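Q: Hi! I have a structure open here and would like to talk it through. Could you help me read it?

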Protein chains: 2
Amino acid sequence: MSNKKIIMTKKPIGVPEESNFKLIDEGSIDLKANEVRLQTLWLSLDPYMRGAMNRIREGETMVGELIGKVVESKSEIISEGAIVLSKAGWQTSPIVNENDIKIVDPRISPLSLALGAIGMPGLTAYFGLTKIGDPKPGETVVVSAGSGAVGSVVGQISKKIGCKVVGIAGSDKKVEYMTSELGFDHGINYKNSDWTENLSKSTESGVDIYFDNVGGIISDEVIDRINENARVLICGQISQYNNSGVELGPRNLKQFLFKRAKLEGFMVYTYEDQYKEGLDFLINMLDQNELKFKETVIEEIENAPHAFSKLFTGENFGKLVIKVHD
Amino acid sequence: MSNKKIIMTKKPIGVPEESNFKLIDEGSIDLKANEVRLQTLWLSLDPYMRGAMNRIREGETMVGELIGKVVESKSEIISEGAIVLSKAGWQTSPIVNENDIKIVDPRISPLSLALGAIGMPGLTAYFGLTKIGDPKPGETVVVSAGSGAVGSVVGQISKKIGCKVVGIAGSDKKVEYMTSELGFDHGINYKNSDWTENLSKSTESGVDIYFDNVGGIISDEVIDRINENARVLICGQISQYNNSGVELGPRNLKQFLFKRAKLEGFMVYTYEDQYKEGLDFLINMLDQNELKFKETVIEEIENAPHAFSKLFTGENFGKLVIKVHD
């Protein structure tokens with residue numbers, strides 16, 4: 001079984017382009033003890049992978065999570081046919097060690113949800129919001145990239161808890177999705193000229209929690225509206241990842257002083273030993289029909305580089321996955 | 001006994017000037033029940049008072065803490081001769097209610113320390129550093145305005161705990177004071193062209209705690225050097241108080257994400273019910289000769305407006321007090 005994989009040929013400057021990647025076929029390699037061969041079903045594309053490109057070397061396989069089926073096994077703990085989560089990156093038939101994969105919870109359906117609303121993005125939303133945001137009923141939660149893989153779950157958990165939720169996104173279609181489908185109280189299109197007025201109107205009693213996925217000018221505006229004892233979570237800063245220099249912009253850290261507010265950066269891996277709690281919570285929401293999600297599915301691994309660049313232009317809508325095999 | 005007081009005649013734009021204030025003599029007013037008349041001994045000038053000028057109305061007495069002696073009393077709980085702390089503002093003989101003053105701890109000497117190293121600034125250092133910063137021996141603490149009323153105490157408590165301390169200030173004399181007198185490990189003059197290189201050299205193992213009194217470009221440089229799980233305290237943002245607009249500058253909140261770091265704004269009043277703990281700690285340091293302090297004393301209340309403006313130019317050195325009466 002031949003493995004096709006995509007390597008990073010050249011570190012990107014700014015937004016990654018197709019020319020930063022190359023597809024190669026490495027043929028079929030034999031398994032060693034404790035290894036399994038996967039057939040990739042779904043490959044996940046996420047903004048954090050842009051940062052990873054600064055850390056890997058040219059010629060290395062591009063990083064990423066995937067859902068795969070075990071098609072050959074030299075492991076005594078994982079058998080053929082198992083459905084697993086792996087961080088093997090952009091490969092069609094990777095060989096992985098039994099210790100580097102996790103069995104996907106059989107309650108998760110459709111399977112691709114294990115990469116999105118009930119995977120890393122959903123867990124990011126759950127742990128960030130509940131452990132750092134500490135939301136209370138009646139509080140106002142603002143989430144940037146509110147229709148995205150993380151933001152959509154942040155908003156829905158917040159609504160479940162009884163918060164008022166304001167989502168920010170970059171198109172009227174996304175705003176419509178947040179308010180009509182996800183049940184957010186307000187949606188703001190930051191590309192409209194009156195967006196800051198809309199933000200003020202929809203956060204009349206101030207902002208208690210800001211779940212920030214984007215950074216930049218959007219964060220400045222939200223932080224200007226925080227309440228006493230507000231909590232600001234730095235989950236992503238997608239507006240800043242492709243900067244080659246530092247962005248010029250207003251600075252309003254004094255808001256944190258005047259409002260005795262907190263800001264905390266976090267990564268979901270900090271909570272790795274508590275994942276079961278998060279999975280149970282999210283699966284329960286799904287069962288109760290309280291967890292809506294939207295996926296953009298791209299066919300064929302060859303299309304991953306082009307699709308990945310779309311993550312940074314705002315063109316993408318919902319969770320972006322590559323369907324590699326049925 | 002006639003009371004002279006200084007009122008704010010006009011809200012300042014940018015740095016406050018003498019023309020924003022006016023001295024008036026309101027003559028002698030009779031005491032009511034539960035009131036006492038003070039003779040002001042020491043008046044405190046602090047950066048936070050700039051923010052207060054945005055909140056008071058034109059014609060009102062300028063705010064500020066003072067140490068006074070009770071010279072007349074219609075209170076059953078506070079007698080003539082008592083030395084008290086009051087927030088009556090810039091007045092020579094204010095009348096205050098018995099509930100609005102506090103007896104100064106008799107262990108504090110000289111008295112002016114109750115406005116500085118063992119007063120609000122010292123308590124700000126103590127509570128901010130210990131309750132939010134949570135310093136551990138061996139960690140690196142950076143403090144901006146390190147020779148100031150708050151910063152000098154932050155550094156000395158940090159040294160006592162066993163931290164490495166780097167102070168930032170605006171003159172070679174202040175740097176010399178921090179390293180020779182206060183025992184800081186390094187001092188950085190941010191007005192020297194090589195200051196960022198010096199900062200890098202003196203924080204080779206990164207920054208674990210940044211106690212920020214100034215904001216602006218200094219904070220950007222320090223935040224770029226924070227370690228995993230760093231704690232950033234926003235205590236003051238003196239570089240920003242006189243901005244009429246928003247300052248343009250780099251934004252690096254993504255550092256908080258990449259380093260899973262925290263930032264928190266705080267005010268000492270949050271810890272008001274724990275002040276005794278802080279006072280005991282600081283008085284003990286003084287008794288052990290571990291608490292050094294520097295005061296700039298200005299004579300006559302008439303000179304308060306001019307002295308106050310100096311707080312924002314970096315010309316002032318140490319704690320600034322007005323000696324109103326012997």
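Q: Let's start with charges. How many salt bridges are there over all chains?

A: Happy to help! Keep in mind that this is a predicted model. Over all chains, the count comes to 40 salt bridges. One of them is within chain A, where A:Asp280 pairs with A:Arg107 and the closest N and O atoms are 2.9 Å apart.

Q: Where do A:Asp280 and A:Arg107 lie?

A: A:Asp280 is in helix H8 (residues 275-287) of chain A, while A:Arg107 is in the loop between strand E7 (101-103) and helix H2 (120-133), so the pair ties together parts that are 173 residues apart in sequence.

Q: OK, and how many salt bridges are across the interface of chain B and chain A?

A: Four salt bridges are found there. Among them is the one between A:Arg251 and B:Glu247, with 2.6 Å between the closest N and O atoms. The interface also has 12 residue pairs in polar contact, both residues being at pLDDT 80 or more.

Q: Which elements of chain B give two or more residues to the side that touches chain A?

A: Those are helix H6 (216-223), strand E13 (248-250), helix H7 (254-258) and strand E14 (262-265) of chain B. By class, that side of chain B has 16 nonpolar, seven polar and seven charged residues.

Q: What about the area buried between the chains?

A: It is about 2900 Å², and carbon and sulfur atoms give 60% of it. Chain B and chain A each bring 30 residues to the contact.

Q: Nice. How does E13 of chain A run relative to E13(B)?

A: They run antiparallel, and three bridges join them. A:Gly249 stands opposite B:Gly249 there.

Q: And how can chain B be laid on chain A?

A: A turn of 180° with a shift of 0.0 Å along the axis does it, at an RMSD of 0.0 Å. The two copies are thus related as by a two-fold rotation axis. Also, 100% of the interface residues of chain B are interface residues in chain A too, so the copies meet through the same surface.

Q: Switching to the backbone: which residues does a cis peptide bond join?

A: In chain A, a cis bond joins A:Ser109 and A:Pro110, with omega about 0°. A:Pro110 sits in the loop between E7 and H2 of chain A. In chain B, B:Ser109 and B:Pro110 are joined by a cis bond with omega about -5°.

Q: What is phi of B:Asp134?

A: Phi is near 50° for B:Asp134, a positive value in a residue other than glycine. Most residues other than glycine have a negative phi. B:Asp134 is in the loop between H2 and strand E8 (140-144) of chain B.

Key: Residues numbered from 1 in each chain as written. Chains lettered and ligands numbered in written order. Predicted model: local features only at pLDDT ≥ 70, side-chain atom pairs only at ≥ 80, totals over all residues. Heavy atoms only, no water. Contact = heavy atoms within 4.5 Å. Buried area = accessible area lost by both parts, 1.4 Å probe. Salt bridge = Lys/Arg side-chain N within 4 Å of Asp/Glu carboxyl O. Polar contact = N/O pair within 3.5 Å; in protein donor to acceptor, adjacent residues only side chain to side chain. Helix = DSSP H or I, 4+ residues; strand = E, 2+ residues; numbered from the N terminus. Nonpolar A, V, L, I, M, F, W, Y, C, P; charged D, E, K, R; others polar. Pairing = 2+ DSSP bridges. Least-squares fit on C-alpha atoms with pLDDT ≥ 70 in both.
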